[in-house]
Amino acid sequence: PFLGTAEGPLEDHGARSEADERHWTHRLFVDAADVYLPFLEVAMDRAETEARAVADLLREAGVADGGRLLDVACGIGRHSVPLARQGYAVTGIDLSPTFIRMADERAATAGVSATHVVADMQRAESLLADRAPFDAFINMFTSHGYYGREGDLSLFGQLRRLAAPSAAIVILTSHRDWFVRNFVPQGLDRAGAMRVVQRRQMEDSTLSSDWEFYESHDDGMDLRLKLPMEHQVYSLHDLRAVLEQSGWSYLRSMGSDRGPVFELEELTLESKTMWVVAKAPGGANTA
């Protein structure tokens, strides 16, 4: 097997190392954060538009402007910073120390107050109990499904128990129905000097992929990371069921193509991504 790190090129370790046994999220977002970073940076062009859409959806759900908001898997602060600029009291959590450092730098440059914490979202309840309750939660860029359906039941259940009365959650995620209808077994994405080749298999709602990250330079391309991963992808029906089993009350869904300029529309089979909004009636202590 292969293991790439943020410090150097890919190496063939032969026998499986301790690092190989770590979950793929650690190997990518922590050990090789610089490999994935360009794909977050290239998405900055739509961050402000998405943050405005989040604020609109939260207002429609009854969350007051300036409420306490938790950005779950905040990455480099693409949404936490513009939402803090809009007046929300934002806390962002992410597994990656590199991404959290960059989120702090982005907030400082923007002159806004936002708290960013290195934390595993699967332990959100125990790690953030002293900061609760939160009036709003966001989970963007398909930042769930890493540990399957059971992992998401745990995650959204923990967020529910951190929620203030009538808090709301906004989720932006890939749309399984579009993905299945348009499935291709191999893809190539580019961001800056990075290229990622994805070889995919789909079984039910589980996407299994082998990712190969290459870095281009004047003399050619170097293989930086080879990584197998599994990811749960949801239809609206399935995600709604997970949220409701976790104690949330489904409100609405919308669709978009997640481009830099977009309008949220009715969710259809042609929607590449879906936005789902749910409420937590009764507050944190009445699950």
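The paragraphs below lead through the fold, the aromatic contacts and the local backbone features of this structure, which is a predicted model.

The protein is built from nine helices and 13 strands. Of its 287 residues, 53% are buried. The exposed surface amounts to about 12700 Å², and carbon and sulfur atoms supply 48% of that area. When contacts between residues at least 6 apart in sequence are considered, 67% of them join residues at least 24 apart.

A convenient place to begin is the sheet that contains strands 8 to 11. This open sheet of four strands follows the order 8-9-10-11, and its pairing is antiparallel. Strand 8 (186-191) and strand 11 (220-232) form the edges, each pairing on one side only. On average, and with direction ignored, neighbouring strands of this sheet are turned by 20° against each other. Strand 10 (residues 206-217) and strand 11 run antiparallel and are joined by twelve bridges. Within this pairing, Leu-207 stands opposite His-231 of strand 11. Helix 2 (residues 33-41) lies across strand 8, strand 9 (194-203), strand 10 and strand 11, and runs at about 85° to strand 9.

Ser-216 offers a view of how strand 10 meets other parts of the chain. This serine lies in strand 10, and it counts as partly exposed because its relative accessibility is 27%. Its C-alpha atom is separated by 5.2 Å from that of Ala-193, although the two residues are 23 apart along the chain. Once neighbours within four places in sequence are left aside, Ser-216 is in contact with Ala-193, Arg-195 and Met-221.

The aromatic residues add a further layer to the picture. In general, a pair of aromatic rings is described by the distance of the centres and the angle of the planes. A search of the whole structure finds twelve aromatic pairs. One of them is formed by Phe-29 and Tyr-36, which meet edge-to-face with 5.2 Å from centre to centre and 65° between the planes. Phe-29 has a relative accessible area of 10% and is therefore buried, and Tyr-36 also counts as buried because its relative accessibility is 14%. Another edge-to-face pair consists of Trp-211 and Phe-213, with 5.8 Å between the centres and 70° between the planes. Trp-211 is buried, with a relative accessible area of 12%, and Phe-213 counts as buried at 1% relative accessibility. Ring pairs connect these four residues with others in a cluster made up of Trp-24, Phe-29, Tyr-36, Phe-39, Phe-99, Tyr-146, Trp-211 and Phe-213.

Aromatic rings also take part in arrangements with charged side chains. The charged end of Arg-68 sits over the ring of Phe-134, at 5.5 Å from the ring centre. Likewise, the charged end of Arg-78 sits over the ring of Phe-141, at 4.8 Å from the centre of that ring.

Attention now turns to strands 6 and 7. Strand 6 (residues 134-139) pairs with strand 7 in the parallel sense, over five bridges. In this arrangement, Asn-139 stands opposite Ile-171 of strand 7. Strand 7 (residues 163-174) is largely enclosed by the rest of the structure, because nine of its twelve residues are buried.

Several backbone details are found in this part of the chain. As background, most residues other than glycine have a negative phi, and most peptide bonds are trans. A cis peptide bond, with omega of about 5°, joins Ala-132 and Pro-133. Pro-133 belongs to the loop between helix 6 (124-128) and strand 6. Thr-142 has a positive phi, near 50°, in a residue other than glycine. This threonine is placed in the loop between strand 6 and helix 7 (148-161). Thr-142 is buried, because its relative accessible area of 9% is under the 20% limit. Ser-166 likewise has a positive phi, near 60°, but its place is in strand 7. With a relative accessible area of 38%, Ser-166 is partly exposed.

Notes
Residues are numbered from 1 along each chain as its sequence is written. This is a predicted model: local features need pLDDT of at least 70, side-chain atom pairs count only at pLDDT 80 or more; totals for chains, interfaces and linings use all residues. Side-chain values use heavy atoms; hydrogens and water are left out. Helices (H or I, at least four residues) and strands (E, at least two) are DSSP runs, numbered from the N terminus. Buried means under 20% relative accessible area, exposed over 50%, partly exposed in between (1.4 Å probe, protein chains only). Contact means heavy atoms within 4.5 Å. Accessible areas come from the Shrake-Rupley method with a 1.4 Å probe; for residues, only the protein chains shown count as cover. Rings of Phe, Tyr and Trp (its six-membered ring) pair if their centres lie within 6.5 Å; planes under 30 degrees apart count as stacked, over 60 as edge-to-face and the rest as tilted. A charge sits over a ring if NZ of Lys or CZ of Arg is within 6 Å of the ring centre and within 35 degrees of the ring normal. Two strands pair if DSSP finds at least two bridges between them. Axes are lines fitted to C-alpha atoms, for helices over the stretch in contact, and angles run from 0 to 180 degrees between N-to-C directions.
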